[in-house]
Amino acid sequence: MCRMLPEKSDSADIHSSELPQVSQEDIVKAFTDIGIVPGDILLIHSSLKSFGTVIGGPLTVINAAKEAVTAQGTVVFPTLVQRDFAHAYENWDINTSPSDVGLISETFRLLPDSVRSDQATHSVAAWGSRAVELTHEHSSYGPRMGPFGDYCFSYSSPWQKMYLYGARIAFLGVGTRYNTFKHFVEYGLMESYCQSIRDIGQRCRAMSEIRRFQTAGVWPFLNSDQMDVLLKGNDLISYAQCGHSLFTSFKADDFADIVYRECKRNPDTWFSPDCLEWLRKYSIK
């Protein structure tokens, strides 16, 4: 059920001199309010400072997530490499490369009962009933080509598995521009477009252009604000407030399916001129 967005959604806009004290119970309630239930796979993007003051720090947020999904569920955090992205494939180490996407995710990665997927740029760490299943074989099979590497969003990746299992994606005090799942959709779109080119020579040329110009306009980098409007219009996004932190949530499969479908139906409203020219050049529909 989609609820109205609170007027104050960004903690940076709040000028109160007193920060709220947020407890584990408060965070569990917020998870429940955005639709998290026992047994869920819960993927979390987070900002600790967005809450105000969390009693117990990042472990309290992690324990609240575990309590919300119970031992039958699974908690997942992205543990992405961003600061050293240009050298990620050279320097990656599953045990020592830190998560660059927030203190909560790095704290979670280091817990003895967390397991991490082995992929240099878009790894995840997980806890719970499906943690091993989600994280193992990240780069084993089913490559999809794209700007971050060909195995980040492969068929064997946690991102593919979370889509298939209908994971819940939650944003705790961060905007949906940090939604890593949008890249899963981009990879799927470009795979579909390339596969639709029947002439092998043309397909090779089209793929070559993706590889050479993948950081420019040929790649369909999707707009998060536009996707939010689509989700709200279809009643697929939920909100709750926890301290100063706005919680936002939707299901991974709902998100991927509707964005993929709308991009296919109306590419002119989603893609850059360079991407549209690439589609026309190879008669892709």
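Q160 counts as buried, because its relative accessibility is 7% and the cut-off for buried is under 20%. Q160 sits in helix 6, which covers residues 158-164. The side chain of Q160 makes a polar contact of 2.7 Å with the side chain of R144. Leaving out residues up to four places away in sequence, Q160 touches R144, S154, Y155 and F184. R144 therefore appears both as a polar partner and in the list of residues touched by Q160.

The model described here is predicted. The mean pLDDT of the protein chain is 91, and 93% of its residues reach 70 or more. Over residues 1-17 the pLDDT is below 50, and this stretch has 23 contacts in the model beyond near neighbours in sequence.

**Accessibility of four residues**

The table sets Q160 beside three other residues.

| Residue | Relative accessible area | Class |
|---|---|---|
| Q160 | 7% | buried |
| T180 | 4% | buried |
| R205 | 45% | partly exposed |
| I55 | 47% | partly exposed |

T180 lies in the loop between strand 7 (168-172) and helix 7. Neighbours within four places in sequence aside, T180 is in contact with H45, L80, H122, F153 and W159.

I55 is also a loop residue, placed between strand 3 (53-54) and helix 2 (58-69). I55 is in contact with Q21, V22, S23 and T60, again without counting neighbours within four places in sequence. I55 and Q21 are 34 residues apart along the chain, and their C-alpha atoms are separated by 6.5 Å.

**Helix 8**

R205 belongs to helix 8. Helix 8 runs over residues 200-212 and has 13 residues. From its first C-alpha to its last, helix 8 reaches 18 Å, close to the 18 Å expected at 1.5 Å a residue.

Which residues of helix 8 are buried? They are A206, E209 and I210. Seen down the axis of helix 8, these buried residues fall within an arc of 105°, so they line one face of the helix. An α-helix has 3.6 residues a turn, so residues three or four places apart point the same way.

The cover over the buried residues of helix 8 includes helix 7 (181-195) and helix 11 (273-281). The face turned away from the buried side carries the exposed residues I200 and R212.

At the N-terminal end, helix 8 is capped by D199, with a side-chain oxygen 3.1 Å from the backbone nitrogen of G201. D199 is also touched by R205, as is Y282, not counting residues up to four places away in sequence. R205 and Y282 are 77 residues apart along the chain, with their C-alpha atoms separated by 9.2 Å.

**Nonpolar cores**

The largest nonpolar core has 53 residues. Which of its residues touch the most other members? They are W159, M162, F181, F255, V259, F271 and W278. The largest share of this core, eight residues, comes from helix 7. Apart from it lies another core, of 29 residues, including V22, V54, F77 and A170.

Two of these core residues have already been named as partners: W159 is in contact with T180, and V22 is in contact with I55. V259, from the 53-residue core, touches V185, L222, M227, L230 and W270, not counting residues up to four places away in sequence.

How values were computed: Residues are numbered from 1 along each chain as its sequence is written. This is a predicted model: local features need pLDDT of at least 70, side-chain atom pairs count only at pLDDT 80 or more; totals for chains, interfaces and linings use all residues. Side-chain values use heavy atoms; hydrogens and water are left out. pLDDT is the predictor's confidence in each residue, from 0 to 100. Contact means heavy atoms within 4.5 Å. Helices (H or I, at least four residues) and strands (E, at least two) are DSSP runs, numbered from the N terminus. The expected span of a helix is 1.5 Å times one less than its number of residues. Buried means under 20% relative accessible area, exposed over 50%, partly exposed in between (1.4 Å probe, protein chains only). The arc is that of the directions from the helix axis to the C-beta atoms. A polar contact is a pair of N or O atoms within 3.5 Å; within protein, one must be able to donate a hydrogen and the other to accept it, and residues adjacent in sequence count only if both atoms are side-chain atoms. A nonpolar core is a set of buried Ala, Val, Leu, Ile, Met, Phe, Trp, Tyr and Cys residues joined through side-chain atoms within 4.5 Å.
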